[in-house]
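Student: I am new to this structure and would like a close look at one part of it. Could you walk me through the helix you find most useful to start with, and then show me what surrounds that story?

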Amino acid sequence: MESSREPEDRYSSLYRIDPVIYLDRYLTENKHEVLSAYQQSDQWRKEMNQLQQQQRELKEIVVGETVYETQLLLDHTLKYLETISEQSEACLTTKTVLQTTRESMEQQIQALQEKEQITHQQCSRFLESSEMQKAGYTLHATLHRNEHRDVDETWAYVLVTTEDTTEDTSGNTAGNTAGNTFYPSEPTSCWFRFCDTLVEPVTLDTVLNESCRPHALFYVAQTCPTFSKRECLAAMPKDLKDFIHKDNIIFKEELETTTSWYKTGHGPMTSTLSEDGFSSMEASVDTAVGLTGHCQSSLNAKMELDMIEEHINAIVREAKEAPMSLLLNNVGIFLAHIGNMALLRHLVSFHWKMSSLPFNEKQARQDVSLQWIFSEYDAFVTIAQWVIVAFSWCGKDNTKALKAFVRAKILEENWKTHLLMDVESMDFPHLESLGFNPIVRQFGKALLLELNKAAYKKASEDRDRTKAMKEALWIASQAHKIMRPSKVSEEETCNALVEVWYGLFSSQSTVLLPDQQEILNDVITTYLDGQAGSDFETSEESMEQAGGGENNKMSLGEMYDEGYKIATFLLNIKL
């Protein structure tokens, strides 16, 4: 899916879904052709930059820090000359020269614009040749989720292949006591929108123009064999058919029973339907968390509730501007930051009633209602520990630092995927604002530049060239992990990384061996399109094996702040 919108604007319609995609560029046998195509594309981009610069030189005149439009200056000058009452020969000649200059300038600008447009079309379609459109994949499904405000709706568009039956009225009734014969027509494919129990047909245009950005797309290879429903049923074992049939009967009975509960107001869910159509549940008399009705009626309980509420509000205010280090030291701040007010209220009411009292974390961890959130919090803390390990290696062993940052990013991606798939969205309403991805990208880019510079320096010498180029290939693969979900080829850092290796590729003074030439091709291709892998990967290290120094008595938050400051200084990162 190509997107031209801002990353945080998930619901913008400025994106394009391709009904068919071609993956020929990722095939090993096309590697050299694709590399050549990318090099040609890079040359076209440079030509477009030159054409744009030439247009600016014609359109603008810079005097000091002020920019003037050339054509506007000429127009004003011509108007001024028209106001002169005595049109001398010099004046007329000047007007003619200026008018000719203006027309010539317009023609040059138009010619440059046309040439730029042609070059842009070539650049945008450089992989659309027939030779690169053999491995086609067709769109078969899209998944969407709308989390605007109080709305949480999930739906899918699915391409469904159906077999219609056509009635044979020719009078051939052999083997058919009803007198009519039905036979399957050609399979037809139609798009449907599935949202809970609502299923409705839609057009392909509706799918492609859906305003809510899909979070998953499913494509099926055009070479994949297809089977009709009749063929699938014929190949299915009888015991499996019987099992599915019985399971469908049970499911239908469950649906009917569930429906009758809501209609009659009786059954396992003791609820009744009010006049407005909503089910009403008998509320419990004890509505205060952890307090009896007697306590509610007492003044002391009222004061305690007020103190708890004040404490909760103070935590929420603190969480709004809380640095990452504070989240690592306080699960209450963590809960306020993610917006889970129900668990925060439970935590404060039972285990941290007054801000002046210490938080009883040991007791809170034994609370059954909080065990699952502590499990998620511990996963978050583990990610932070890997970031701290990465900080500790910055400037000492940049390779280990980069590995630790990549490990942290992968752990965070897996953790957030788990939360999105397995946890109710209301439990983590502000999940998008939580995480270390900005830090990983910032420091990861700095490490990539340092490691790439060191690898190129070694590759410039004959002795360590092959080893250095393998390191460069590994660095290129790590660049994709650090910068995703963004395309590496669209990052400025990528241009700086790959530009160096272009120089080695075209250098006349450097003679590369065939295997070195192959590795260099992989390096450039990996940066441009992420095609190649790397044999420079190492096995995953434990936290102890990857640790960047001795532990001390500082809290995790203090270690994070200290590591951040030192790593920022060593890598010369501008804040």
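Tutor: Happy to help; we will begin with one helix, follow its salt bridge, and then turn to other side-chain pairs. Please keep in mind that this is a predicted model.

Let us settle on helix α16, which covers residues 465–483. Its 19 residues reach 27 Å from the first C-alpha to the last, close to the 27 Å expected at 1.5 Å a residue. Is this helix mostly covered or mostly open? Mostly covered: 14 of the 19 residues in α16 are buried. For the protein as a whole, buried residues make up 33% of the 575 residues.

Now pick out E471 in this helix. Its side chain meets that of K458 in a salt bridge, with 3.0 Å from N to O. K458 lies in helix α15 (residues 437–459) while E471 belongs to α16, so the pair ties together parts that are 13 residues apart in sequence. The two partners sit in different classes of cover: E471 has a relative accessible area of 15%, under the 20% limit, and is therefore buried. K458, at 29%, counts as partly exposed. As a general point, side chains of opposite charge can pair when their charged atoms come close.

With that bridge in mind, you can look for others, as the structure holds 13 salt bridges. One of them joins R365 and E361, again at 3.0 Å from N to O. Here both residues belong to helix α12 (residues 361–365), and being four residues apart, they are separated by about one helical turn. R365 is partly exposed at 30% relative accessibility, and E361 is partly exposed too, at 33%. Another bridge brings E200 and R193 together at 3.9 Å, N to O. In that pair E200 is partly exposed at 31%, whereas R193 is buried at 14%. There is also a linked case: K31, E518 and D522 form a network of salt bridges.

Charged pairs are one part of the picture, and aromatic rings are another. A search of the whole structure finds eleven aromatic pairs. Take F334 and F380, whose rings form a tilted pair, 5.3 Å centre to centre with 40 degrees between the planes. F334 lies in helix α10 (residues 331–338) and F380 in helix α13 (residues 371–393), so this pair ties together parts that are 46 residues apart in sequence. F334 is buried, with 0% relative accessibility, and F380 is likewise buried at 0%. Both rings belong to a cluster linked by ring pairs, whose members also include Y377, F391, F405, W415, F436, F443, Y560 and Y564.

For a contrast, turn to the surface. I61, V63, Y68 and L73 make a nonpolar patch of about 320 Å². L73 is placed in helix α2 (residues 70–83), and its relative accessible area of 36% makes it partly exposed. The accessible surface of the protein comes to about 36100 Å², and 53% of that belongs to carbon and sulfur atoms.

Finally, here is the wider setting for our helix. The secondary structure comes to 20 helices and 14 strands. Among contacts with a separation of 6 or more, 68% are between residues 24 or more positions apart.

Methods: Residues numbered from 1 in each chain as written. Predicted model: local features only at pLDDT ≥ 70, side-chain atom pairs only at ≥ 80, totals over all residues. Heavy atoms only, no water. Helix = DSSP H or I, 4+ residues; strand = E, 2+ residues; numbered from the N terminus. Buried < 20%, exposed > 50% of the residue type's maximum accessible area, 1.4 Å probe, protein only. Contact = heavy atoms within 4.5 Å. Areas by Shrake-Rupley, 256 points an atom, 1.4 Å probe, with all protein chains shown as cover. Phe/Tyr/Trp six-rings, centres within 6.5 Å; stacked < 30°, edge-to-face > 60°. Patch = residues over 30% accessible without salt bridge, like charges linked within 9 Å, V, L, I, M, F, W, Y side chains within 5 Å. Salt bridge = Lys/Arg side-chain N within 4 Å of Asp/Glu carboxyl O. Expected span 1.5 Å × (residues − 1).
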